[in-house]
Amino acid sequence: MHYSHGRNTSFVVPRVRQAMVTRADVEAALRGVIDPELGGDIVDLGMVSGITIEGSTVLLGVALTIAACPMRDQIEGDSRRKVLALPGVEDVRIDVTAMTQEQRTELMTTARLRARDNAQQTMIDPTTRVITVSSGKGGVGKSSVSVNLALAIADLGHRVGLLDADIWGFSVPRMLGASDAQLSANEDRKIEPVEVEGIQLVSTGLIVENESSALMWRGLMLSKALEQFLNDVAWDRTLGYLVIDMPPGTGDIQMALSRLLPQAEMVVVTTPQRAAQRVASRVADMARRSHMPIVGVLENMSGFTTEEGRHYDLFGSGGGEELAMELAVPLLGQIPLDPSVVEGGDNGLPPMRARPDGPAAVAIRKAAERIVALVPPAAEDTCTARIDLLARRLEQLAATEPT
Ligand SMILES: Nc1ncnc2c1ncn2[C@@H]1O[C@H](COP(=O)(O)OP(=O)(O)O)[C@@H](O)[C@H]1O
Ligand SMILES: [Mg+2]
């Protein structure tokens with residue numbers, strides 16, 4: 001058997017974890033791996049042929065419809081990231097095999113049943129990559145990062161949605177100069193997202209009259225609001241990426257999200273300060289408990305460089321790197337302090353548009369490129385042609401079978 005090894009980051013740091021991972025944990029994590037073509041998770045589709053646990057190493061068998069499936073890299077990469085996100089897992093070795101004829105027939109049946117039942121939970125297509133921007137506490141620049149990251153990913157040529165999940169602390173509409181826009185309902189009684197700067201935006205700030213009436217939302221359960229934003233919004237079915245600006249803090253919403261969008265992955269925003277890092281690491285811990293892989297750490301407010309080239313580490317240094325090491329994930333970038341972020345937040349012109357060559361925009365663009373490389377868009381190149389062929393053969397077979 002040929003197992004491919006290890007993680008894709010440039011460094012491997014031992015994680016201090018005692019918990020022993022179980023097969024049930026691994027299976028739960030793999031339910032977040034979606035076959036983009038068949039629109040189901042690989043556990044449901046019977047593509048997981050074996051799970052063996054040896055200490056902190058997980059040996060995984062994945063059976064593809066055909067060994068040369070162009071989606072192989074994606075399914076393999078996603079499986080690795082999901083399982084590595086589990087506490088107690090240091091290494092994942094994947095053995096990819098091709099399905100037997102029987103397995104393929106079974107898979108086809110499952111896939112057809114799925115298509116018929118339309119088992120879709122939310123309006124977000126299972127192939128849409130979901131990136132949550134989390135931090136554990138407010139004021140570290142989560143919303144600024146979400147907005148500019150969404151724009152940067154769109155600039156890379158992807159259709160992007162931006163969900164402001166900070167239900168009663170929303171700031172995204174103002175940052176995008178869309179405070180006056182309102183969500184409307186379409187003829188199917190679904191909410192139409194607001195189209196701004198080429199991205200789809202949904203926020204409670206687009207429902208309430210003004211920012212102070214957001215107080216009304218306090219009675220609303222956060223996870224219910226989130227559910228509504230995922231179920232009752234006519235999101236573009238072709239979204240390549242959905243960026244979610246998470247509310248500060250914790251628990252429920254994280255759990256709700258990983259249940260509603262099993263494909264979600266997290267970017268952790270922190271400042272160079274050690275205190276912020278501790279808070280962020282708690283969020284990361286929650287992510288692991290809800291089987292959400294962490295794409296990486298994005299450090300914000302990383303010093304200030306004057307026009308004369310003098311550099312000041314106003315909020316300390318090293319916090320992002322240390323957190324990334326602790327979580328054994330890549331440091332996606334360091335966004336310097338940049339007045340255009342503050343100005344942009346106030347006048348609705350985000351730096352990605354107002355000052356695309358400014359230090360913040362440049363850093364965020366680089367981070368966006370890394371994120372898209374680490375969480376690549378769902379493969380367009382699929383095995384559909386072969387599946388179709390297979391389906392037709394099966395039908396022919398059925399037709400010629402003596403009754
Ligand atoms: N890189 C940066 N440079 C300068 N100011 C920033 C930067 N990132 C965020 N800010 C400012 O910090 C404040 C908090 O940012 P915000 O994105 O609202 O944080 P959060 O969503 O985490 O509460 C805002 O006034 C914003 O303009
Ligand atoms: Mg915010």
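Student: Strand 17, residues 331-335: buried or exposed?

Tutor: Five of the five residues of strand 17 are buried, so the strand is largely enclosed by the rest of the structure. Buried means 20 or more other C-beta atoms within 10 Å of the residue's own, exposed means 12 or fewer, and partly exposed is in between, with C-beta atoms placed from the backbone. Strands (E, at least two residues) and helices (H or I, at least four) are DSSP runs numbered from the N terminus.

Student: Anything to know about the model itself?

Tutor: This is a predicted model, in which local features need pLDDT of at least 70 and side-chain atom pairs count only at pLDDT 80 or more, while totals for chains, interfaces and linings use all residues. Residues are numbered from 1 along each chain as its sequence is written, and chains are lettered from A and ligands numbered from 1 in the order in which they are written.

Student: Back to strand 17. How does strand 14 pair with it?

Tutor: Strand 14 (residues 294-300) runs parallel to strand 17, with four bridges between them. Pairing here requires that DSSP finds at least two bridges between the strands. Within strand 17, Ile 335 is the residue opposite Asn 300.

Student: What's the strand order in that sheet?

Tutor: The order is 10-11-7-12-6-13-14-17, an open sheet of eight strands with mixed pairing. Strand 10 (194-196) and strand 17 are at the edges with a single partner strand each, so one side of each has no neighbour in the sheet. On average, neighbouring strands are turned by 25° against each other, direction ignored.

Student: And how many bridges join strand 6 to strand 12?

Tutor: Five, between strand 6 (residues 129-134) and strand 12 (residues 241-245), which run parallel. Val 130 has Leu 242 of strand 12 as its bridge partner.

Student: Which strands does helix 4 touch?

Tutor: Helix 4 packs on the sheet against strand 6, strand 7 (160-164), strand 11 (199-203), strand 12, strand 13 (264-270) and strand 14, and its direction makes about 170° with that of strand 12. A contact is two C-beta atoms, placed from the backbone, within 7 Å. Angles run from 0 to 180 degrees between N-to-C directions, with axes fitted to C-alpha atoms, for helices over the stretch in contact.

Student: Why call helix 4 enclosed?

Tutor: Because 13 of its 14 residues are buried. The helix reaches 20 Å from its first C-alpha to its last, close to the 20 Å expected at 1.5 Å a residue; the expected span is 1.5 Å times one less than the number of residues. Just after helix 4, Gly 157 has a positive phi of about 100°.

Student: New topic. Which residues come nearest to ligand 1?

Tutor: Gly 138, Gly 141, Lys 142, Ser 143 and Ser 144, out of 18 around the ligand. A residue is near if its C-beta atom, placed from the backbone, lies within 6 Å. Helix 4 (142-155) and helix 10 (339-347) each supply at least two residues of this shell.

Student: Any non-glycine residues with positive phi?

Tutor: Arg 189 has one, of about 60°, and Met 301 has one near 65°. Most residues other than glycine have a negative phi.

Student: Where are they, and are they buried or exposed?

Tutor: Arg 189 is in the loop between strand 8 (184-185) and strand 9 (191-192), and is exposed, with 8 other C-beta atoms within 10 Å. Met 301 is in the loop between strand 14 and strand 15 (304-305), and is buried, with 28 such atoms within 10 Å.
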